[in-house]
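Visitor: I would like a close look at a single part of this structure. Please take the aromatic rings, then place them in their surroundings.

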Amino acid sequence: MSKKPGILPDHAIAALLEQKKLTTIKPLDHDQIQPASLDLRLGAKAYRVRASFLPGPRHSVADKLSRLSMHEIDLSQGAVLETGCVYIVELMEGLNLPEHLSASTNPKSSTGRLDIFTRVIPDFAQEFDIIPSGYDGPLYLEISPRTFPVIVRQGSRLSQIRFRSGHAVLAEDALMVLHRAETLVASDMPNISDGGIALSIDLEGEGLVGYRGKHHTGVIDVDRKAGYDILDYWEPIQGRGKGELILDPDEFYILVSREAVHVPPLYAAEMTPFDPLVGEFRVHYAGFFDPGFGHADAGGRGARAVLEVRSHEVPFILEHGQIVGRLVYEHMMDPPTALYGSGLGSNYQAQGLKLSKHFRAG
């Protein structure tokens, strides 16, 4: 495998499996490999734990579970995970990475839009969602539903992993050059700083500008598409021409970026939260954007980024055009076989304000 810097594309991820650098207890699903990432599947058992934890440099996750587990849950036939609780599940996929490869993980888009807090934990980890180069061992997923109770089962996919060789992040000058050539965000004067290109919030107009999650709802099966009525779970938010929204503490909001986003075929992107010191809010979940997101050749003409937003301890007024996150772009190591949206059944190509795939449109 090539050692040149970059994010590994789909065919290189498949090669990891063939070389046993990526291990799994069951064959991969036919659609599990994405253009620049791999979906991770839940294993057969979940463990309810008293609190979130990191194993630290001297312990495996299993060591910690032996002390912290309160209850073991069989996921083979599906089980309900309650809001406000913390669960640990060993994933079907494990790693035996070579020294030149590292990885990072993120919730899948649909996971974030359901306000399911997830983080991947490798053995001996001192930070979440970061898998160091040369890691050899299992992967575990911490799951904590925040707004809706959910049904999950063995094989459910809540998280995804992205593999990288070396350092592939575009510096700010290279990011500006790429934007001028490819229009990364629909802005004539993009804000490029802190290693990324800024996204702002869209709260303009009289109509629908977002959704606020309801409390005390029914459960949501994470593997069921278009199975739920929007109004049973969400309160629509109308703009009414104000151009602002007061975020209430402990409430969960689905909003949308003002700018359309474009990820060219030879790049991958990740959205990082805006500096929380600037305000009392944050984009709740970062996210991966695969090559071809919003790209015309893959069925898109720019696609706006859906944002999961929370306030911190106090109410906060969010105003139209306020910066809420930054897109960091990285080189692909090689072009992917297929782009996001190119016949892959991608759920969010050419999107605007859109809830997760679990809800019926209209």
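Guide: A residue counts as buried when its relative accessible area is under 20%. Keep that cut-off in mind. Note too that this is a predicted model.

Start with tyrosine 233. Its relative accessible area is 6%, so tyrosine 233 is buried. Tyrosine 228 has a relative accessible area of 9%, so this residue is buried as well. The two tyrosines form an aromatic pair. Their ring centres are 5.6 Å apart. The planes meet at 80°, and the pair is edge-to-face.

Now look at tryptophan 234 and phenylalanine 359. Here the ring centres lie 6.0 Å apart, with 80° between the planes, so this pair is edge-to-face too. Tryptophan 234 belongs to strand E18, residues 234-238. Phenylalanine 359 sits in the segment after E26. The two parts are 125 residues apart in sequence, so the ring pair ties together distant stretches of the chain. Both tryptophan 234 and phenylalanine 359 are buried.

These rings belong to a cluster. Ring pairs link Phe148, Tyr211, Tyr228, Tyr233, Trp234, Phe252 and Phe359. Across the whole structure, the search finds 10 aromatic pairs.

The cluster also has a charged neighbour. Arginine 224 lies over the face of tyrosine 228, at 4.9 Å from the ring centre. A similar arrangement involves another ring: arginine 162 lies over the face of phenylalanine 288, at 4.3 Å from the ring centre.

Follow those two residues into the strands. Phenylalanine 288 falls within strand E23, residues 287-289. E23 belongs to an open sheet of five strands, ordered E14-E15-E26-E21-E23, with antiparallel pairing. Strand E14 (192-193) and strand E23 are the edges; each has a single partner strand, so one side of each is left without a neighbour in the sheet. Inside this sheet, E21 (residues 267-273) and E26 (residues 323-331) pair antiparallel over seven bridges. Proline 273 stands opposite glycine 325 in E26.

Arginine 162 falls within strand E13, residues 157-165. Nine of the nine residues of E13 are buried, so the strand is largely enclosed by the rest of the structure. What pairs with E13 over seven bridges? Strand E8, residues 101-107, does, in the antiparallel sense. Proline 107 has serine 159 as its bridge partner in E13. Strand E4, residues 37-49, joins E13 through four bridges, again antiparallel. There, aspartate 39 is matched with glutamine 160. Strand E1, residues 6-7, runs antiparallel to E13 and is joined to it by two bridges. Isoleucine 7 stands opposite arginine 164.

Step back to the whole chain. Its secondary structure comes to four helices and 26 strands. The radius of gyration is 20 Å, close to the 21 Å that the globule rule gives for 362 residues, so the chain is as compact as a globular protein of that length. The C-alpha atoms fill a box of roughly 55 × 50 × 40 Å along the principal axes. Buried residues make up 54% of the 362. Of the contacts with a separation of 6 or more, 81% join residues 24 or more positions apart. The chain exposes about 15,500 Å², and carbon and sulfur atoms supply 49% of that area.

Definitions and conventions:
Residues are numbered from 1 along each chain as its sequence is written. This is a predicted model: local features need pLDDT of at least 70, side-chain atom pairs count only at pLDDT 80 or more; totals for chains, interfaces and linings use all residues. Side-chain values use heavy atoms; hydrogens and water are left out. Two strands pair if DSSP finds at least two bridges between them. Rings of Phe, Tyr and Trp (its six-membered ring) pair if their centres lie within 6.5 Å; planes under 30 degrees apart count as stacked, over 60 as edge-to-face and the rest as tilted. Buried means under 20% relative accessible area, exposed over 50%, partly exposed in between (1.4 Å probe, protein chains only). A charge sits over a ring if NZ of Lys or CZ of Arg is within 6 Å of the ring centre and within 35 degrees of the ring normal. The radius of gyration is taken over C-alpha atoms; the globule rule is 2.2 Å times the number of residues to the power 0.38. Contact means heavy atoms within 4.5 Å. Accessible areas come from the Shrake-Rupley method with a 1.4 Å probe; for residues, only the protein chains shown count as cover.
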